[in-house]
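Here's a walk through one protein model, starting with the overall fold and then zooming in on a few spots. Keep the viewer open as you read.

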Amino acid sequence: MRADAQRNQEKLLAAAAEVFAGAGVDAPIRQIAAKAGMGVGTIYRHFPTRSDLVVAVFHHQIEECAQAGPRLLAETDSPFAALHRWTDLFVDLLVTKHGLAQALQSDSSRFAPLHAYFLDRLLPVATQLLDAAAEADEIQPGTHPYALLRGIGNLCIGHDDDPRYDPRRLIALLLQGLRRPALT
């Protein structure tokens with residue numbers, strides 16, 4: 001893909017993610033087009049169905065989240081702080097995927113590979129972050145990455161139904177529970 005086409009696709013996927021996060025995956029395509037600064041026809045040319053666009057956005061966000069883990073470890077003094085910042089990105093990903101299952105209901109064959117891709121890309125990152133924090137003696141060893149991601153995912157349930165509920169507070173408490181007790 002040419003560099004300008006790649007930038008346009010990145011711009012479109014970022015706009016769609018932002019619109020989906022605020023309005024769900026049923027948001028009007030014209031709203032996404034306006035946010036991206038392009039025509040509706042351009043979106044349909046690249047993504048003929050809504051589920052094509054939703055899958056592309058989710059795939060793009062999985063990649064961004066996966067790439068952020070090692071970057072955060074490299075630029076943060078504390079592996080635990082990197083883990084905490086990464087979980088914030090992971091929560092953004094989960095909140096944005098609101099409505100994904102409904103959008104793909106008519107094509108469940110597309111959801112299974114996407115879920116597998118989700119796990120294949122994000123479990124190694126969670127493992128790397130947890131291992132680094134344990135090696136730095138910032139958390140107790142033995143936390144299973146799948147259990148952590150699943151727990152965070154479960155805490156995000158209900159976010160859409162109740163504007164008073166912010167899963168980030170409970171997730172922060174969950175992460176604090178991983179901390180190694182202070183030695184006195």
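What follows goes from the overall layout to single residues.

## The big picture

First, a caveat: this is a predicted model. The protein has nine helices and zero strands, so reading along the sequence simply gives α-α-α-α-α-α-α-α-α. Of its 184 residues, 40% count as buried. As for contacts with a separation of 6 or more, 67% of them in the protein come from residues 24 or more positions apart.

## Helix α2 and its two sides

Helix α2 covers residues 29-36, and its buried residues are Ile29, Ile32, Ala33 and Ala36. Why do they end up on the same side of α2? They cover an arc of only 100° around the axis, which puts them on the same side of the helix. Look at the face turned away from that buried side and you'll find the exposed residues Arg30 and Ala34.

What do the buried residues of α2 pack against? Their partners are α1 (3-23), α3 (40-46) and α4 (50-75). Just after α2 comes Gly37, with a positive phi of about 75°.

There's also an annotation for this stretch: an unreviewed UniProt entry lists residues 28-47 as "DNA-binding region". In the model, the chain over residues 28-47 is 75% helix and 0% strand. The C-alpha atoms at the two ends of that stretch are 14 Å apart.

## Where α1 meets α4

Now turn to α1 and α4. Their axes come within 9 Å and cross at roughly 100°, and α1 and α4 are therefore roughly perpendicular to each other. The residues of this contact divide into eight nonpolar, two polar and two charged.

If you want to pick out the atoms, the α1 side of the contact is Glu10, Leu13, Ala16, Ala17 and Phe20. Facing them from α4 are Arg50, Leu53, Val54, Ala56, Val57, His60 and Gln61.

Phe20 of helix α1 is worth selecting on its own. Is Phe20 buried or exposed? At 1% relative accessibility, Phe20 counts as buried. Phe20 and Val54 are 34 residues apart in sequence, while their C-alpha atoms are 8.6 Å apart in space.

## Two buried leucines

Leu122 is in helix α7, and at 0% relative accessibility it counts as buried. Which residues does Leu122 touch, leaving aside neighbours within four places in sequence? The contacts of Leu122 are Ile62, Cys65, Ala66, Trp86, Phe90, Leu93 and Leu149. Another pair to check is Leu122 and Pro145, which are 23 residues apart along the chain and have their C-alpha atoms separated by 9.1 Å.

Leu148 is the other one, and it is in helix α8. Leu148 counts as buried, at 5% relative accessibility. With neighbours within four places in sequence left aside, Leu148 is in contact with Leu83, Leu130, Thr143, Leu174, Leu175 and Leu178. From C-alpha to C-alpha, Leu148 and Leu174 are 8.9 Å apart, with their positions 26 residues apart in sequence.

## Two loop residues

Asp137 is found in the loop between α7 (108-135) and α8. Asp137 has a positive phi of about 65° although it is not a glycine. With a relative accessible area of 43%, Asp137 is partly exposed.

Further along is Tyr165, in the loop between α8 (145-156) and α9 (167-178). Tyr165 counts as partly exposed too, at 23% relative accessibility; the cut-off for buried is under 20%. Leaving aside neighbours within four places in sequence, Tyr165 is in contact with Leu155, Ile157, Gly158, His159 and Leu170. Tyr165 and Leu155 are ten residues apart in sequence, and their C-alpha atoms are 9.9 Å apart in space.

Methods
Residues are numbered from 1 along each chain as its sequence is written. This is a predicted model: local features need pLDDT of at least 70, side-chain atom pairs count only at pLDDT 80 or more; totals for chains, interfaces and linings use all residues. Side-chain values use heavy atoms; hydrogens and water are left out. Buried means under 20% relative accessible area, exposed over 50%, partly exposed in between (1.4 Å probe, protein chains only). Helices (H or I, at least four residues) and strands (E, at least two) are DSSP runs, numbered from the N terminus. The arc is that of the directions from the helix axis to the C-beta atoms. Contact means heavy atoms within 4.5 Å. UniProt positions are given in the numbering used here, feature names are shortened, and annotations may be inferred rather than shown by experiment. Axes are lines fitted to C-alpha atoms, for helices over the stretch in contact, and angles run from 0 to 180 degrees between N-to-C directions. Angles under 35 degrees count as roughly parallel, over 145 as roughly antiparallel, 65 to 115 as roughly perpendicular and the rest as oblique. Ala, Val, Leu, Ile, Met, Phe, Trp, Tyr, Cys and Pro count as nonpolar, Asp, Glu, Lys and Arg as charged, and the others, Gly among them, as polar.
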